[in-house]
Amino acid sequence: MIEDVYLRNREHKNASSGWLRAAVLGANDGLVATASLMIGIATAAPTASLTVTGIAAIAAGALSMAVGEYISVQSQSDIEEADRLIEIEHLAIDPDGEEAELAQIYVERGLPLEMAREVARIMHEKDALEAHLRDELGQLEHTKAKPAQAAVASAISYTAGGIVPLIGALAWGPSHKSIGIVIATLIGLAGTGLLSARVAGSKPVITVLRVVVGGGIGMGLTAGLGSLVHLSGI
Ligand SMILES: [Zn+2]
């Protein structure tokens with residue numbers, strides 16, 4: 001009973017942490033890419049509108065994230081669907097062979113042969129396809145690839161991250177926009193660092209430092225590049 005509750009909780013955590021991890025990565029991308037572009041523009045073309053730059057960066061990035069995520073999750077979903085169709089075919093052609101195959105899987109997972117055969121028989125009576133998808137192919141309802149959901153989630157998390165440097169630029173006033181972008185972005189990165197440390201169960205200080213230093217270097221490099229472009233007068 002206790003073990004039952006434990007297993008259920010663990011499954012729950014796994015299912016939600018995959019989702020949370022994707023959201024944290026999306027927010028991180030939004031923060032760094034938007035901040036870098038805004039700082040690059042601020043140093044290369046000081047008179048350009050940073051608000052317009054920020055909004056354009058968020059729109060372009062969120063869209064590209066959504067499309068990329070959609071394509072990758074869709075191909076995962078295609079593979080799952082193809083496997084499902086093959087399984088349906090196999091079950092129709094050779095149900096006994098499939099039942100033996102399922103029993104073999106349970107033997108490999110530690111059941112005695114007689115019990116494994118019994119479990120496979122019961123599973124086949126109940127819902128053979130479901131048992132094969134779950135126990136042979138590892139397809140679970142809550143881990144099923146959902147392209148549209150993944151696309152929307154990554155676009156939203158990217159936008160949430162990208163808005164942070166934009167707010168920083170607006171909040172610090174016209175003369176100190178770059179400082180505002182950097183401070184807001186570093187605070188945002190500390191936030192995503194903390195979140196990802198919680199998701200991964202790693203040490204918060206190290207993870208936060210890694211994310212903040214990495215993002216800081218990214219912004220520093222684009223600022224340097226921007227200055228070069230500005231000085232060369234391109
Ligand atoms: Zn099978």
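Trainee: Is E136 buried, partly exposed or exposed, and why?

Mentor: Buried means under 20% relative accessible area and exposed means over 50%, with partly exposed in between. In this predicted model, E136 has 28% relative accessibility, so E136 counts as partly exposed.

Trainee: And which class does E101 fall into?

Mentor: Apply the cut-offs again. E101 is at 30% relative accessibility, so E101 is also partly exposed.

Trainee: What coordinates the zinc ion?

Mentor: Look for donor atoms around the metal. Here they come from E87 (OE), E98 (OE), E101 (OE), H132 (ND1) and E136 (OE). The distances run from 1.8 to 2.5 Å.

Trainee: What spacing do the donors follow along the chain?

Mentor: Read them in sequence order. The pattern is E-x10-E-x2-E-x30-H-x3-E. Then place two of the donors on the fold. E101 sits in helix α3 (residues 95-108), and E136 sits in the loop between α4 (113-135) and α5 (147-171), so this pair ties together parts 35 residues apart in sequence.

Trainee: Where is R84 placed?

Mentor: Start with the element. R84 belongs to helix α2 (residues 50-93). Next, check accessibility. At 25%, R84 counts as partly exposed.

Trainee: Which residues is R84 in contact with?

Mentor: Set aside neighbours within four places in sequence. That leaves L129, L133 and Q139 as contacts of R84. As for K144, its C-alpha atom is separated from that of R84 by 12 Å, with the two positions 60 residues apart along the chain.

Trainee: How does the span of helix α7 agree with its number of residues?

Mentor: Compare the expected span with the distance between the ends. Helix α7 (residues 204-232) has 29 residues and should span 42 Å at 1.5 Å a residue; its end C-alpha atoms are 42 Å apart, so the two agree. Just after α7, G233 takes a positive phi of about 70°.

Trainee: Which residues of α7 are buried?

Mentor: T207, V208, V211, G215, M219, A223 and G226.

Trainee: Which residues make up the largest nonpolar core?

Mentor: Look for buried nonpolar residues joined through their side chains. The largest core has 11 residues: A35, M38, I39, A42, L50, I58, L166, A169, I181, M219 and A223.

Trainee: Which elements give two or more residues to this core?

Mentor: They are α1 (2-44), α2, α5 and α7. The most comes from α1, with four residues.

Trainee: What does A169 touch?

Mentor: Again, skip residues up to four places away in sequence. A169 touches M38, K177, G180 and I181. There is also a second, separate core of seven residues, including L102, I105, A116 and A131.

How values were computed: Residues numbered from 1 in each chain as written. Predicted model: local features only at pLDDT ≥ 70, side-chain atom pairs only at ≥ 80, totals over all residues. Heavy atoms only, no water. Donors = N, O, S within 2.8 Å, 3.2 Å for Na, K, Ca; no water. Buried < 20%, exposed > 50% of the residue type's maximum accessible area, 1.4 Å probe, protein only. Contact = heavy atoms within 4.5 Å. Expected span 1.5 Å × (residues − 1). Core = buried A, V, L, I, M, F, W, Y, C linked by side-chain atoms within 4.5 Å.
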